[in-house]
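Reader: I've got a fold to go through with you, and I'd like to talk about its charged pairs. Can we take it step by step?

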Amino acid sequence: SAPFPQTISDLDIRDEFAILDVKANLNEVAGILAKNEVKVVLIVERKKREVIGIITEQHFLRVCA
């Protein structure tokens, strides 16, 4: 059996996320989430160069409903 992962680099990480600027509109979010492999959108503040939040596919669908 495989050893238990000890660090992030030991994990099987897939690119199931996208990155958008905090000023992105909902059409941009919808377009990204329409791709089957994307489940989460990271929202970044470009001036600060940091992630300030996330939008999950489920959250986006609830807001749109």
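Author: Sure, with one term up front: a salt bridge here is a side-chain nitrogen of Lys or Arg within 4 Å of a carboxyl oxygen of Asp or Glu. Keep in mind that this is a predicted model. The chain averages a pLDDT of 85, and 91% of the residues score at least 70.

Reader: Which element has the highest mean pLDDT?

Author: At the low end sits strand S1, residues 17–21, with a mean of 89. The top value, 92, belongs to residues 50–56, which make up strand S3.

Reader: How many salt bridges does the structure hold?

Author: One of them pairs Asp21 with Arg46. Another pairs Lys39 with Glu57. The total for the structure is two.

Reader: How far apart in sequence are the parts that Asp21 and Arg46 tie together?

Author: Their closest N and O atoms are 3.6 Å apart. Asp21 belongs to strand S1, while Arg46 is in the loop between strand S2 (40–45) and S3, so the pair ties together parts separated in sequence by 25 residues.

Reader: Is Arg46 buried or exposed?

Author: Its partner Asp21 has a relative accessible area of 22%, making Asp21 partly exposed. Arg46 comes in at 51%, and the cut-off for exposed is over 50%. That makes Arg46 exposed.

Reader: Where is Glu57, the partner of Lys39?

Author: The closest N and O atoms of Lys39 and Glu57 are 4.0 Å apart. Lys39 is in the loop between helix H1 (26–33) and S2, 18 residues from its partner. Glu57 itself is in helix H2, residues 57–64.

Key:
Residues are numbered from 1 along each chain as its sequence is written. This is a predicted model: local features need pLDDT of at least 70, side-chain atom pairs count only at pLDDT 80 or more; totals for chains, interfaces and linings use all residues. Side-chain values use heavy atoms; hydrogens and water are left out. pLDDT is the predictor's confidence in each residue, from 0 to 100. Helices (H or I, at least four residues) and strands (E, at least two) are DSSP runs, numbered from the N terminus. Buried means under 20% relative accessible area, exposed over 50%, partly exposed in between (1.4 Å probe, protein chains only).
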